[in-house]
Amino acid sequence: MSDDILTYLPAMRAFARSLCGNATDADDLVQETLLRAIENISSYTPGTNLRAWLFTIMRNRFYSNCIKRARERTGDEDCASQQPAVSAHQEWQVRINELERALEQLPVHYREAIVLVVVLEESYAHAAEILDCDIGTIKSRINRGRRMLRAALGEEI
């Protein structure tokens with residue numbers, strides 16, 4: 001089972017990055033997720049979707065951490081070390097940054113669906129299982145989220 005978990009690490013990091021917005025917090029979230037998974041391995045049913053189980057733990061930990069941070073303001077958002085020193089000059093990097101900002105501006109339920117299905121290539125069924133909703137809801141969120149991204153990037157709809 002540990003080998004299976006290791007194969008999911010890149011996808012877990014990508015999903016965590018989409019939730020957290022920066023690599024440091026994303027790595028912490030992945031580590032917390034793995035710790036929770038190990039602590040609660042007895043609740044995992046062998047033969048079920050391990051990846052969906054891990055992603056559900058990650059999503060729940062993220063929201064728990066958000067609630068906790070709302071109570072405990074640390075002020076690290078204002079820290080100068082978090083600000084980029086030099087902006088990228090390559091056009092492709094600028095477009096990626098624009099896409100990331102547009103993705104961050106989406107309502108969370110659209111962003112989660114897009115990241116799971118489009119970025120991490122989860123099936124609609126697995127995404128619906130992870131987000132605890134119907135497949136039709138996932139399809140609708142993907143469609144609306146894509147339209148919002150196109151509009152935010154100034155592309156024709």
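A residue counts as exposed when its relative accessible area is over 50%, and as buried when that area is under 20%. Asp132, at 70% relative accessibility, is therefore exposed. Asp132 lies in the loop between α7 and α8 (135–152). The residue has a positive phi of about 55°, although it is not a glycine. The model examined here is predicted.

Glu121 also has a positive phi, of about 60°, and is likewise not a glycine. Glu121 is placed in the loop between α6 and α7. Its relative accessibility is 69%, so Glu121 counts as exposed. Most residues other than glycine have a negative phi.

The overall architecture is helical. The protein has eight helices and zero strands. Along the sequence the pattern reads α-α-α-α-α-α-α-α. The protein comprises 157 residues, of which 32% count as buried. Among contacts between residues at least 6 apart in sequence, 59% join residues at least 24 apart.

Two helix pairs were examined in turn. The first is formed by helix α2 (residues 9–20) and helix α3 (residues 23–39), whose axes come within 8 Å and cross at roughly 125°. This angle makes α2 oblique to α3. The crossing of α2 past α3 is right-handed. From α2, the contact draws on Leu9, Met12, Arg13, Ala16, Arg17, Leu19 and Cys20. From α3, the contributors are Ala23, Asp25, Ala26, Asp27, Leu29, Val30, Thr33 and Leu34. Sorted by class, the contact of α2 with α3 has ten nonpolar residues, one polar residue and four charged residues.

The second pair is α4 with α7. Their axes are 9 Å apart and the helices pack at an angle of about 40°. α4 and α7 are therefore oblique to each other. Here too the crossing is right-handed, with α4 passing α7. On the α4 side, Ala52, Phe55, Thr56 and Arg59 take part. They meet Glu129, Ile130 and Leu131 of α7. By class, the contact of α4 with α7 has four nonpolar, one polar and two charged residues.

Salt bridges were considered next. The structure holds six of them. One of these joins Asp27 and Arg13, with the closest N and O atoms 3.9 Å apart. Asp27 belongs to helix α3 and Arg13 to helix α2, so the pair ties together parts that are 14 residues apart in sequence. Both residues also appear in the contact between α2 and α3. Asp27 is partly exposed, with a relative accessible area of 41%. Arg13 is partly exposed as well, at 43%.

A salt bridge also links Glu112 and Arg59, whose closest N and O atoms are 3.1 Å apart. Glu112 lies in helix α6 and Arg59 in helix α4, so this pair ties together parts that are 53 residues apart in sequence. Glu112 is buried, with a relative accessible area of 2%. Arg59 has 18% relative accessibility and also counts as buried. Arg59 is, in addition, one of the α4 residues that meet α7.

The side chains of Arg51 and Glu122 meet in a further salt bridge, at 2.1 Å from N to O. Arg51 lies in helix α4 (residues 50–71), and Glu122 in the loop between α6 (108–119) and α7 (124–131), so the pair ties together parts that are 71 residues apart in sequence. Arg51 is buried, with a relative accessible area of 18%. Glu122 counts as buried at 6% relative accessibility.

The surroundings of Glu122 were then traced. Its place is in the loop between α6 and α7. Neighbours within four places in sequence aside, Glu122 is in contact with Arg51, Phe55, Leu116, Val117 and Ile130. Two of these residues, Phe55 in α4 and Ile130 in α7, also take part in the contact between those helices. The C-alpha atom of Glu122 is separated by 9.8 Å from that of Ala11, a residue 111 places away along the chain. The loop between α6 and α7 thus holds both Glu121, which is exposed at 69% relative accessibility, and Glu122, which is buried at 6%.

Note on methods
Residues numbered from 1 in each chain as written. Predicted model: local features only at pLDDT ≥ 70, side-chain atom pairs only at ≥ 80, totals over all residues. Heavy atoms only, no water. Axes fitted to C-alpha atoms, helices over the stretch in contact; angles between N-to-C directions. Helix = DSSP H or I, 4+ residues; strand = E, 2+ residues; numbered from the N terminus. Parallel < 35°, antiparallel > 145°, perpendicular 65-115°, else oblique. Left-handed = near helix turned anticlockwise from the far one by under 90°. Contact = heavy atoms within 4.5 Å. Nonpolar A, V, L, I, M, F, W, Y, C, P; charged D, E, K, R; others polar. Salt bridge = Lys/Arg side-chain N within 4 Å of Asp/Glu carboxyl O. Buried < 20%, exposed > 50% of the residue type's maximum accessible area, 1.4 Å probe, protein only.
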